[in-house]
Amino acid sequence: LSADTRGQRAAAEKRLLELGPQVLSHLPAPELLPSNSVRDAVRRIRGELERRDARESVLPTTVNVSGAQPLGELLAEIGRQTENVLDGSALPPELLSKPVMLTGATPTFWQAIDQIVDQLPVRYAYDASLRGLKFQALRTIPAPVVTAIGYSGAFRIEATVAPRTLRPVRVQPGVQPPGLPRNLLRLSLRVVPEPRLRPLFLQFSARDLTVRTAARVELPPLSPDASYDIALSEGASQSPLQVDYVIPEGTTVGPLELGGRMTCT
């Protein structure tokens, strides 16, 4: 970066950028460099690599294993490949020795975890002291709950719909007489990142989410101007987010399609 010719300096800067975020730990602090031009170059390189590192950090990690593996070995391998902490120390030896087969060429971290839970009587919860997932054995099989699961980058989104209810709500003048009961549907969302990440806040508005019936009828939110700014406590143990939607008269709900956008800091 301090070469005599401009071409050499540009080539050095380009090469450092090509090497990627792994060189960040090797770059000296700009204020320790004696040359103004080198300081400026290091600041540019560091800024670009840090932005790239941030973008790449929210991409989903993947798991590459072949054949069935004992649960204990599989948890260790998933942790090694994804850098997510998985603790199976509370599981009994007979469960840790149970074979698990992951489907798909390279499932993502959350897909692999969901496949484990589908195949064995185990559950997991986020442990803040570990900054990872702690697995426990299920003594009894819980009653099934109808949920939908989706994945976006390094995030797992789980949606549960409560039964429709009739309740009096205030509405805008001219839309419907105040106090008239309306059909409402409550959507519960749980958004969980990979444990390796340290999310701080989740932000979205009611208008950012779209809920449609199988007949493509869009359900309007009860509070269309509502916005949400949820503290995630570094990750994963937050309560479900709840958003209410209005079911128009005569609408058959049935299966729902949920789409939208959320922002995570």
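In the predicted model, Thr213 touches Leu219, Thr251, Thr252, Val253, Pro255 and Leu256, leaving aside residues up to four places away in sequence. Thr213 belongs to strand S11, which covers residues 209-213. With a relative accessibility of 3%, Thr213 counts as buried, because the limit for a buried residue is under 20% relative accessible area.

The chain as a whole contains five helices and 15 strands. Of its 265 residues, 35% count as buried. The accessible surface of the chain amounts to about 15,600 Å², and carbon and sulfur atoms contribute 53% of this area. Among contacts with a separation of 6 or more, 66% are between residues 24 or more positions apart.

Two of the helices were examined for their length. Helix H1 (residues 6-19) has 14 residues, and at 1.5 Å a residue it should span 20 Å; the C-alpha atoms at its ends are 20 Å apart, in agreement with this value. After H1 comes Gly20, which has a positive phi, near 90°. Helix H2 (residues 36-57) has 22 residues and should span 32 Å on the basis of 1.5 Å a residue; its end C-alpha atoms lie 31 Å apart, which agrees. The buried residues of H2 are packed against H1. In H2, Val38, Arg39, Ala41, Val42, Ile45, Arg46, Gly47, Leu49 and Arg52 are buried. In an α-helix there are 3.6 residues a turn, so residues three or four places apart point the same way.

Strands S2, S5 and S4 form an open sheet in the order S2-S5-S4, with mixed pairing. The edges of this sheet are strand S2 (85-87) and S4, each of which pairs on one side only. On average, neighbouring strands are turned by 25° against each other, direction ignored. Strands of a sheet pair through backbone hydrogen bonds, in either a parallel or an antiparallel arrangement. Both arrangements are represented here: S2 and S5 pair in the parallel sense over three bridges, whereas S4 and S5 run antiparallel and are joined by six bridges. On the parallel side, Val85 stands opposite Gly132 in S5. On the antiparallel side, Asp127 stands opposite Gly132 in S5, and Tyr126 has Leu133 of S5 as its bridge partner. Helix H5 packs on the sheet and touches S2, S4 and S5; the direction of H5 makes about 140° with that of S4.

The connections at this sheet include two residues with unusual backbone geometry. Most residues other than glycine have a negative phi. Glu83, although not a glycine, has a positive phi of about 65°. Glu83 is located in the loop between H3 and S2. Its relative accessibility of 66% places Glu83 in the exposed class, because exposed means over 50% relative accessible area. Arg131 is likewise not a glycine and has a positive phi of about 55°. Arg131 lies in the loop between S4 and S5, two strands that form a hairpin with four residues between them. At a relative accessible area of 31%, Arg131 is partly exposed.

Nonpolar side chains in soluble globular proteins tend to be buried together. The largest nonpolar core of the model comprises 22 residues, of which Leu71, Ile78, Leu86, Ile116, Val122 and Phe135 touch the most other members. Helix H3 (71-82), helix H5 (109-119), strand S4 (122-127) and strand S5 (132-137) each provide at least two residues of this core. The greatest contribution to the core is that of H5, with five residues. Val122 touches Leu71, Leu91, Leu95, Ile116, Val117, Phe135, Gln136, Ala137 and Leu138, again without counting residues up to four places away in sequence. A second core, separate from this one, consists of 14 residues, including Leu189, Leu202, Leu241 and Tyr245.

Technical notes
Residues are numbered from 1 along each chain as its sequence is written. This is a predicted model: local features need pLDDT of at least 70, side-chain atom pairs count only at pLDDT 80 or more; totals for chains, interfaces and linings use all residues. Side-chain values use heavy atoms; hydrogens and water are left out. A nonpolar core is a set of buried Ala, Val, Leu, Ile, Met, Phe, Trp, Tyr and Cys residues joined through side-chain atoms within 4.5 Å. Buried means under 20% relative accessible area, exposed over 50%, partly exposed in between (1.4 Å probe, protein chains only). Contact means heavy atoms within 4.5 Å. Two strands pair if DSSP finds at least two bridges between them. Axes are lines fitted to C-alpha atoms, for helices over the stretch in contact, and angles run from 0 to 180 degrees between N-to-C directions. The expected span of a helix is 1.5 Å times one less than its number of residues. Accessible areas come from the Shrake-Rupley method with a 1.4 Å probe; for residues, only the protein chains shown count as cover.
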